[in-house]
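Got the viewer open? Here is a short walk through the model, one selection at a time.

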Amino acid sequence: MISFTSDQRYIVTGASSGIGESVALLLNELGAAVIGIGRSRERLDGMKAKAKYPENVFLEQKDLTEDIEGLPAYVKALKDKYGKFQGMALCAGIGRTAPLNAFDLSEARKIFDIDYFAPLMMTKGFADRRVNTGRGAAIVAISSIAGISCEKGLVTYGGAKAALSASLKAASREVGTQGIRINCISPSFINTPMTQSTPNEELLEKASKEYLFGFGTVSDAANMIIFLLSDKSKWITGQNYILDCGTY
Ligand SMILES: NC(=O)c1ccc[n+]([C@@H]2O[C@H](COP(=O)([O-])OP(=O)(O)OC[C@H]3O[C@@H](n4cnc5c(N)ncnc54)[C@H](OP(=O)(O)O)[C@@H]3O)[C@@H](O)[C@H]2O)c1
(Lines give C-alpha, C1' and ligand atoms only; values in the text may rest on other atoms or scores of the structure.)
Protein backbone atom coordinates (compact mmCIF):
# COMPACT_ATOMS: atom_id res chain seq x y z
CA MET A 1 0.00 0.00 0.00
CA ILE A 2 1.21 3.51 -0.79
CA SER A 3 1.55 5.88 2.14
CA PHE A 4 3.38 9.11 2.86
CA THR A 5 4.34 11.08 5.94
CA SER A 6 3.49 14.71 6.63
CA ASP A 7 7.14 15.72 6.31
CA GLN A 8 6.99 14.56 2.67
CA ARG A 9 5.94 17.72 0.86
CA TYR A 10 4.50 17.70 -2.66
CA ILE A 11 3.81 20.66 -4.95
CA VAL A 12 0.66 20.12 -7.02
CA THR A 13 -0.07 22.61 -9.81
CA GLY A 14 -3.64 22.76 -11.03
CA ALA A 15 -4.75 21.70 -7.53
CA SER A 16 -7.94 23.75 -7.79
CA SER A 17 -9.70 21.57 -10.36
CA GLY A 18 -10.00 18.25 -12.16
CA ILE A 19 -7.06 15.84 -12.10
CA GLY A 20 -4.81 18.14 -10.03
CA GLU A 21 -7.46 18.48 -7.33
CA SER A 22 -7.81 14.70 -7.23
CA VAL A 23 -4.01 14.26 -6.94
CA ALA A 24 -3.84 16.83 -4.12
CA LEU A 25 -6.66 15.16 -2.18
CA LEU A 26 -5.28 11.65 -2.63
CA LEU A 27 -1.74 12.67 -1.60
CA ASN A 28 -3.27 14.31 1.48
CA GLU A 29 -5.39 11.26 2.28
CA LEU A 30 -2.29 9.06 2.07
CA GLY A 31 -0.47 11.28 4.58
CA ALA A 32 1.62 13.75 2.56
CA ALA A 33 1.72 17.52 2.93
CA VAL A 34 0.43 19.26 -0.18
CA ILE A 35 1.25 22.72 -1.49
CA GLY A 36 -1.60 23.27 -3.93
CA ILE A 37 -1.22 25.91 -6.64
CA GLY A 38 -4.03 27.38 -8.73
CA ARG A 39 -5.35 30.70 -9.99
CA SER A 40 -8.73 30.61 -8.30
CA ARG A 41 -8.66 31.18 -4.54
CA GLU A 42 -12.25 30.02 -4.31
CA ARG A 43 -11.57 26.72 -6.05
CA LEU A 44 -8.40 26.18 -4.00
CA ASP A 45 -10.40 26.74 -0.81
CA GLY A 46 -12.99 24.28 -2.14
CA MET A 47 -10.27 21.63 -2.60
CA LYS A 48 -8.94 22.18 0.92
CA ALA A 49 -12.47 21.91 2.34
CA LYS A 50 -12.67 18.39 0.88
CA ALA A 51 -9.29 17.29 2.32
CA LYS A 52 -9.14 14.52 4.91
CA TYR A 53 -6.31 16.30 6.74
CA PRO A 54 -6.79 20.02 5.90
CA GLU A 55 -4.00 20.98 8.31
CA ASN A 56 -1.60 19.37 5.78
CA VAL A 57 -2.90 21.36 2.80
CA PHE A 58 -1.25 24.69 1.98
CA LEU A 59 -2.63 26.92 -0.74
CA GLU A 60 -0.76 29.17 -3.15
CA GLN A 61 -2.79 31.33 -5.49
CA LYS A 62 -0.74 32.01 -8.59
CA ASP A 63 -1.04 32.40 -12.34
CA LEU A 64 1.91 30.33 -13.54
CA THR A 65 2.12 32.28 -16.80
CA GLU A 66 2.48 35.77 -15.33
CA ASP A 67 6.27 35.46 -14.86
CA ILE A 68 7.47 32.25 -16.46
CA GLU A 69 11.14 33.19 -16.27
CA GLY A 70 10.68 33.74 -12.52
CA LEU A 71 9.26 30.25 -11.87
CA PRO A 72 12.55 28.65 -10.71
CA ALA A 73 12.91 31.44 -8.13
CA TYR A 74 9.24 30.95 -7.19
CA VAL A 75 9.85 27.24 -6.49
CA LYS A 76 12.90 28.18 -4.39
CA ALA A 77 10.76 30.70 -2.45
CA LEU A 78 8.20 27.94 -1.79
CA LYS A 79 11.01 25.76 -0.43
CA ASP A 80 12.13 28.61 1.87
CA LYS A 81 8.52 28.88 3.11
CA TYR A 82 7.66 25.19 3.53
CA GLY A 83 10.90 23.14 3.43
CA LYS A 84 12.38 20.80 0.83
CA PHE A 85 10.08 18.98 -1.56
CA GLN A 86 9.79 15.23 -2.09
CA GLY A 87 7.91 15.63 -5.32
CA MET A 88 5.83 17.65 -7.70
CA ALA A 89 2.74 16.87 -9.79
CA LEU A 90 2.46 19.21 -12.78
CA CYS A 91 -1.26 19.17 -13.52
CA ALA A 92 -2.03 22.80 -14.51
CA GLY A 93 -2.95 23.17 -18.14
CA ILE A 94 -5.48 24.37 -20.64
CA GLY A 95 -7.02 22.58 -23.58
CA ARG A 96 -7.94 24.17 -26.89
CA THR A 97 -9.20 22.74 -30.11
CA ALA A 98 -8.63 24.67 -33.31
CA PRO A 99 -7.86 23.46 -36.82
CA LEU A 100 -4.79 24.49 -38.80
CA ASN A 101 -6.71 27.05 -40.85
CA ALA A 102 -7.60 28.84 -37.59
CA PHE A 103 -4.05 28.65 -36.22
CA ASP A 104 -3.23 31.87 -34.42
CA LEU A 105 0.30 32.50 -33.18
CA SER A 106 -0.59 34.57 -30.14
CA GLU A 107 -3.20 31.97 -29.05
CA ALA A 108 -0.63 29.23 -29.60
CA ARG A 109 1.88 31.07 -27.43
CA LYS A 110 -0.67 31.24 -24.60
CA ILE A 111 -1.16 27.47 -24.80
CA PHE A 112 2.58 26.81 -24.91
CA ASP A 113 3.05 29.16 -21.91
CA ILE A 114 0.93 27.04 -19.55
CA ASP A 115 1.17 23.61 -21.21
CA TYR A 116 4.90 23.66 -21.99
CA PHE A 117 7.03 26.54 -20.67
CA ALA A 118 5.50 26.77 -17.17
CA PRO A 119 5.90 23.05 -16.31
CA LEU A 120 9.40 23.05 -17.76
CA MET A 121 10.44 26.06 -15.67
CA MET A 122 8.82 24.54 -12.54
CA THR A 123 10.92 21.42 -13.25
CA LYS A 124 14.04 23.56 -13.59
CA GLY A 125 13.26 25.10 -10.20
CA PHE A 126 12.59 21.72 -8.57
CA ALA A 127 15.87 20.28 -9.90
CA ASP A 128 17.85 22.81 -7.84
CA ARG A 129 19.57 20.73 -5.15
CA ARG A 130 18.56 23.28 -2.51
CA VAL A 131 14.87 22.67 -3.26
CA ASN A 132 14.36 18.89 -3.43
CA THR A 133 15.03 16.10 -0.97
CA GLY A 134 17.49 14.39 -3.33
CA ARG A 135 17.51 10.65 -4.06
CA GLY A 136 13.93 9.38 -4.27
CA ALA A 137 12.37 12.72 -5.18
CA ALA A 138 9.99 12.51 -8.15
CA ILE A 139 8.13 14.68 -10.64
CA VAL A 140 5.09 13.62 -12.67
CA ALA A 141 3.67 15.83 -15.43
CA ILE A 142 0.42 15.43 -17.30
CA SER A 143 1.07 15.37 -21.00
CA SER A 144 -1.72 14.08 -23.27
CA ILE A 145 -2.54 11.40 -25.79
CA ALA A 146 -2.79 14.40 -28.14
CA GLY A 147 1.01 14.62 -27.96
CA ILE A 148 1.33 11.07 -29.31
CA SER A 149 -1.64 10.44 -31.56
CA CYS A 150 -2.81 13.84 -32.72
CA GLU A 151 -6.37 14.08 -33.89
CA LYS A 152 -7.79 16.87 -36.03
CA GLY A 153 -7.99 20.19 -34.23
CA LEU A 154 -5.09 19.49 -31.87
CA VAL A 155 -2.34 21.19 -33.90
CA THR A 156 -1.27 23.49 -31.05
CA TYR A 157 -2.31 21.57 -27.94
CA GLY A 158 -0.80 18.33 -29.28
CA GLY A 159 2.40 20.17 -30.17
CA ALA A 160 2.74 21.65 -26.67
CA LYS A 161 2.14 18.28 -25.00
CA ALA A 162 4.54 16.42 -27.34
CA ALA A 163 7.17 19.07 -26.58
CA LEU A 164 6.56 18.66 -22.84
CA SER A 165 7.01 14.89 -22.78
CA ALA A 166 10.09 15.12 -25.05
CA SER A 167 11.74 17.78 -22.90
CA LEU A 168 10.98 15.93 -19.68
CA LYS A 169 12.50 12.75 -21.10
CA ALA A 170 15.73 14.69 -21.66
CA ALA A 171 15.43 16.28 -18.20
CA SER A 172 14.94 12.86 -16.58
CA ARG A 173 18.32 11.79 -17.94
CA GLU A 174 19.93 14.90 -16.46
CA VAL A 175 18.37 14.83 -12.98
CA GLY A 176 18.71 11.04 -12.77
CA THR A 177 22.29 11.61 -11.63
CA GLN A 178 20.81 13.21 -8.48
CA GLY A 179 18.46 10.24 -7.97
CA ILE A 180 15.41 12.26 -9.06
CA ARG A 181 12.82 10.61 -11.29
CA ILE A 182 10.61 12.32 -13.89
CA ASN A 183 7.69 10.66 -15.66
CA CYS A 184 4.69 11.79 -17.70
CA ILE A 185 1.24 10.40 -18.13
CA SER A 186 -0.68 10.87 -21.35
CA PRO A 187 -4.41 10.50 -20.78
CA SER A 188 -7.11 10.57 -23.39
CA PHE A 189 -10.58 11.72 -22.25
CA ILE A 190 -10.90 12.17 -18.52
CA ASN A 191 -14.14 13.66 -17.31
CA THR A 192 -13.13 17.06 -15.81
CA PRO A 193 -14.22 20.70 -16.00
CA MET A 194 -11.74 21.06 -18.91
CA THR A 195 -13.37 18.42 -21.09
CA GLN A 196 -16.81 19.67 -20.11
CA SER A 197 -16.03 23.33 -20.92
CA THR A 198 -14.14 22.81 -24.19
CA PRO A 199 -15.87 19.83 -25.74
CA ASN A 200 -14.56 18.57 -29.07
CA GLU A 201 -17.81 17.03 -30.30
CA GLU A 202 -16.18 14.92 -32.99
CA LEU A 203 -13.64 13.44 -30.58
CA LEU A 204 -16.22 12.96 -27.85
CA GLU A 205 -18.45 11.01 -30.19
CA LYS A 206 -15.55 8.87 -31.39
CA ALA A 207 -14.44 8.27 -27.80
CA SER A 208 -17.90 7.36 -26.56
CA LYS A 209 -18.05 4.60 -29.19
CA GLU A 210 -14.48 3.32 -28.75
CA TYR A 211 -13.75 3.43 -25.02
CA LEU A 212 -14.47 -0.04 -23.66
CA PHE A 213 -14.91 1.22 -20.11
CA GLY A 214 -16.33 4.68 -20.84
CA PHE A 215 -14.56 7.99 -20.19
CA GLY A 216 -11.84 8.13 -17.56
CA THR A 217 -12.39 9.65 -14.15
CA VAL A 218 -10.02 11.95 -12.28
CA SER A 219 -9.09 9.13 -9.90
CA ASP A 220 -8.03 6.93 -12.86
CA ALA A 221 -5.34 9.53 -13.61
CA ALA A 222 -4.60 10.46 -9.99
CA ASN A 223 -3.90 6.85 -8.94
CA MET A 224 -1.29 6.53 -11.68
CA ILE A 225 0.31 9.84 -10.72
CA ILE A 226 0.48 8.87 -7.04
CA PHE A 227 2.13 5.57 -7.94
CA LEU A 228 4.72 7.39 -10.04
CA LEU A 229 5.39 9.88 -7.23
CA SER A 230 5.77 7.16 -4.63
CA ASP A 231 8.75 4.91 -3.92
CA LYS A 232 6.74 1.98 -5.32
CA SER A 233 7.92 3.20 -8.73
CA LYS A 234 11.53 3.79 -7.66
CA TRP A 235 12.93 2.02 -10.75
CA ILE A 236 10.78 3.94 -13.22
CA THR A 237 11.93 7.16 -14.85
CA GLY A 238 11.85 8.90 -18.22
CA GLN A 239 8.56 7.25 -19.23
CA ASN A 240 5.35 8.58 -20.69
CA TYR A 241 2.43 6.31 -19.85
CA ILE A 242 -0.69 6.26 -22.01
CA LEU A 243 -4.01 6.10 -20.14
CA ASP A 244 -6.59 5.66 -22.82
CA CYS A 245 -8.64 2.55 -22.16
CA GLY A 246 -6.57 0.74 -24.80
CA THR A 247 -7.88 2.85 -27.65
CA TYR A 248 -4.86 4.15 -29.57
N1 LIG B 1 -9.20 16.02 -18.90
C2 LIG B 1 -8.65 15.37 -19.89
O3 LIG B 1 -9.31 14.64 -20.65
C4 LIG B 1 -7.18 15.50 -20.14
C5 LIG B 1 -6.58 14.65 -21.08
C6 LIG B 1 -5.23 14.75 -21.32
C7 LIG B 1 -4.47 15.66 -20.62
N8 LIG B 1 -5.07 16.49 -19.72
C9 LIG B 1 -4.22 17.44 -19.00
O10 LIG B 1 -4.43 17.27 -17.62
C11 LIG B 1 -4.18 18.51 -16.96
C12 LIG B 1 -5.35 18.82 -16.03
O13 LIG B 1 -6.51 18.95 -16.82
P14 LIG B 1 -7.98 18.89 -16.20
O15 LIG B 1 -8.80 18.17 -17.18
O16 LIG B 1 -7.91 18.44 -14.81
O17 LIG B 1 -8.36 20.44 -16.30
P18 LIG B 1 -9.14 21.47 -15.34
O19 LIG B 1 -10.13 20.77 -14.51
O20 LIG B 1 -9.58 22.56 -16.24
O21 LIG B 1 -7.97 21.99 -14.39
C22 LIG B 1 -6.93 22.79 -14.92
C23 LIG B 1 -6.13 23.31 -13.78
O24 LIG B 1 -5.05 24.10 -14.30
C25 LIG B 1 -5.00 25.33 -13.62
N26 LIG B 1 -4.47 26.36 -14.48
C27 LIG B 1 -4.83 26.64 -15.76
N28 LIG B 1 -4.14 27.71 -16.21
C29 LIG B 1 -3.35 28.12 -15.19
C30 LIG B 1 -2.41 29.17 -15.03
N31 LIG B 1 -2.15 30.06 -16.01
N32 LIG B 1 -1.76 29.28 -13.85
C33 LIG B 1 -2.01 28.41 -12.84
N34 LIG B 1 -2.89 27.40 -12.93
C35 LIG B 1 -3.55 27.25 -14.09
C36 LIG B 1 -6.44 25.60 -13.23
O37 LIG B 1 -6.46 26.55 -12.19
P38 LIG B 1 -7.80 27.45 -11.85
O39 LIG B 1 -8.89 26.44 -11.56
O40 LIG B 1 -7.42 28.14 -10.61
O41 LIG B 1 -8.05 28.27 -13.03
C42 LIG B 1 -6.91 24.23 -12.83
O43 LIG B 1 -6.53 23.94 -11.50
C44 LIG B 1 -3.97 19.55 -18.05
O45 LIG B 1 -2.56 19.72 -18.24
C46 LIG B 1 -4.55 18.89 -19.28
O47 LIG B 1 -3.95 19.35 -20.46
C48 LIG B 1 -6.41 16.42 -19.46
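**Start in the middle of the sheet**

Select β5 together with strand β6 (residues 181-187): the two pair in the parallel sense over five bridges. Keep in mind throughout that this is a predicted model. To pin down the register, click Ala 141, whose bridge partner in β6 is Cys 184. Now add helix α5 (residues 155-175) to the selection, and you have a right-handed β-α-β unit made of β5, α5 and β6.

**Over to the other neighbour**

Next, pick strand β4 (residues 87-90) alongside strand β5 (residues 138-142); they also run parallel, with four bridges between them. Two residue pairs are good to label here. Leu 90 has Ala 141 as its bridge partner in β5, and Met 88 has Ile 139. Then trace the connection: the chain leaves β4, passes through helix α4 (residues 105-127) and arrives at β5, in a β-α-β crossover that is right-handed.

Stay on β5 and colour by burial. Which residues lie on each side of β5? On one side you find Ala 138, Val 140 and Ile 142, on the other Ile 139 and Ala 141, and all of them are buried, so both faces are covered. That is five buried residues out of five, so the strand is largely enclosed by the rest of the structure.

**Zoom out to the whole sheet**

Show all the strands. What order do they come in? Reading across, you get β3-β2-β1-β4-β5-β6-β7, an open sheet of seven strands with parallel pairing. At the edges sit β3 (57-61) and β7 (240-243), each with pairing on one side only. Ignoring direction, neighbouring strands here are turned by 15° against each other on average.

Now bring in helix α1 (residues 18-29), which packs on this sheet. The strands touched by α1 are β1 (9-13), β2 (33-38), β3, β4 and β5, and the helix direction makes about 165° with that of β1.

**Another helix to select: α8**

Highlight helix α8 (residues 218-229). Its 12 residues reach 16 Å from first C-alpha to last, close to the 16 Å expected at 1.5 Å a residue. Show the side chains of the buried residues: Val 218, Ala 221, Ala 222, Met 224, Ile 225, Ile 226, Leu 228 and Leu 229. What covers them? The cover includes β1, α1, β4, β5, β6 and β7.

**A backbone oddity after the last stop**

Jump to Cys 245, in the segment after β7. Check the backbone torsions: phi is positive at Cys 245, about 60°, although this residue is not a glycine. Is Cys 245 buried or partly exposed? With 18 other C-beta atoms within 10 Å, Cys 245 is partly exposed.

**Pull back to the full chain**

Finally, select everything. The chain's secondary structure comes to eight helices and seven strands. Its radius of gyration is 17 Å, close to the 18 Å that the globule rule gives for 248 residues, so the chain is as compact as a globular protein of that length. If you want to check the extents, the C-alpha trace spans about 45 × 40 × 35 Å along its principal axes. Burial takes in 43% of the 248 residues. And if you draw the contacts between residues at least 6 apart in sequence, 75% of them join residues at least 24 apart.

Terms used:
Residues numbered from 1 in each chain as written. Predicted model: local features only at pLDDT ≥ 70, side-chain atom pairs only at ≥ 80, totals over all residues. Pairing = 2+ DSSP bridges. Axes fitted to C-alpha atoms, helices over the stretch in contact; angles between N-to-C directions. Contact = placed C-beta atoms within 7 Å. Buried ≥ 20, exposed ≤ 12 C-beta atoms within 10 Å, placed from the backbone. Right-handed = clockwise from strand over helix to strand, strands pointing away. Rg over C-alpha atoms; globule rule 2.2 N^0.38 Å. Expected span 1.5 Å × (residues − 1).
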